[in-house]
Amino acid sequence: MRKPNRGYARVDRIKEQIMRELAELVRTGLKDPRAGFITINDVEVTRDYSHATVYYTVLDDATREVTAEALEHAKGYLRSELSKRIHVFRTPELHFIYDESVERGMSISHLIDKVAAEKPVED
């Protein structure tokens with residue numbers, strides 16, 4: 001029998017804390033020049049806290065590949081610094097995935113604006 005959802009679970013609190021700490025680490029602690037302007041959009045954590053999927057975007061789309069390489073290279077450093085900042089039984093292994101939802105949203109918004117600007121068809 002499943003427990004009823006109590007609202008704000010511990011996994012959610014850990015997820016938000018990981019997101020805040022990673023954003024701060026990427027902003028101040030990452031010295032790799034390949035890592036441009038990175039925004040951490042979301043983090044998904046497994047129930048046993050062994051893995052965390054980090055969704056990020058970059059300001060300049062041209063640096064997307066280079067930024068992915070920089071994050072993969074800094075994965076160990078980020079995890080060790082994260083373990084110093086959060087107190088959980090197991091510091092999650094980090095997996096970085098580029099978040100394309102912002103780009104998709106912008107393209108859909110552009111298409112809607114384009115259709116709205118067209119002249120209406122007269123019957």
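Two strands count as paired if DSSP finds at least two bridges between them. I kept that rule at hand while going through this predicted model.

**Entry 1: the sheet**

I looked up S2 and S3 first, and they pair in the parallel sense over 6 bridges. Stepping back, I found an open sheet of 3 strands, in the order S1-S2-S3, with mixed pairing. S1 and S3 are the edge strands with a single partner strand each, so one side of each has no neighbour in the sheet. I also noted the turn between neighbouring strands, which is 30° on average with direction ignored.

Next I checked what lies on the sheet. Helix H1 (residues 10–29) packs on it and touches S1, S2 and S3. The direction of H1 makes about 155° with that of S1.

**Entry 2: Thr-53**

I picked one residue of strand S2 for a closer look, namely Thr-53. Is Thr-53 buried or exposed? Its relative accessible area is 18%, and the cut-off for buried is under 20%, so Thr-53 counts as buried. In S3, Thr-53 has His-95 as its bridge partner. His-95 also turns up in my contact list for Thr-53, together with Asp-42, Val-43, Glu-44 and Ile-97; residues up to four places away in sequence are not counted there.

**Entry 3: helix H2**

Which residues of H2 are buried? In this helix (residues 64–73), I found Thr-67, Ala-70 and Leu-71. They span an arc of only 100° around the axis, which places them on the same side of H2. I then turned to the face pointing away from that buried side, and there I met the exposed residues Glu-65 and His-73.

What do the buried residues of H2 pack against? My list has strand S1 (38–45), strand S2 (51–58), helix H3 (75–85) and strand S3 (93–98).

**Entry 4: the core**

A general reminder to myself: in soluble globular proteins, nonpolar side chains tend to be buried together. Here, the largest nonpolar core has 26 residues. The members that touch the most others are Ile-18, Ile-38, Tyr-56, Leu-78 and Leu-94. I checked where the core residues come from: H1, S1, S2, H2, H3 and S3 each supply at least two. H1 gives the largest share, with 5 residues.

I closed with the surroundings of Leu-94. Leaving out residues up to four places away in sequence, Leu-94 touches Leu-22, Ala-52, Val-54, Lys-75, Leu-78, Arg-79 and Leu-82. Leu-78, one of these contacts, is also on my list of the core members with the most partners.

Methods
Residues numbered from 1 in each chain as written. Predicted model: local features only at pLDDT ≥ 70, side-chain atom pairs only at ≥ 80, totals over all residues. Heavy atoms only, no water. Buried < 20%, exposed > 50% of the residue type's maximum accessible area, 1.4 Å probe, protein only. Helix = DSSP H or I, 4+ residues; strand = E, 2+ residues; numbered from the N terminus. Arc of directions from axis to C-beta. Contact = heavy atoms within 4.5 Å. Axes fitted to C-alpha atoms, helices over the stretch in contact; angles between N-to-C directions. Core = buried A, V, L, I, M, F, W, Y, C linked by side-chain atoms within 4.5 Å.
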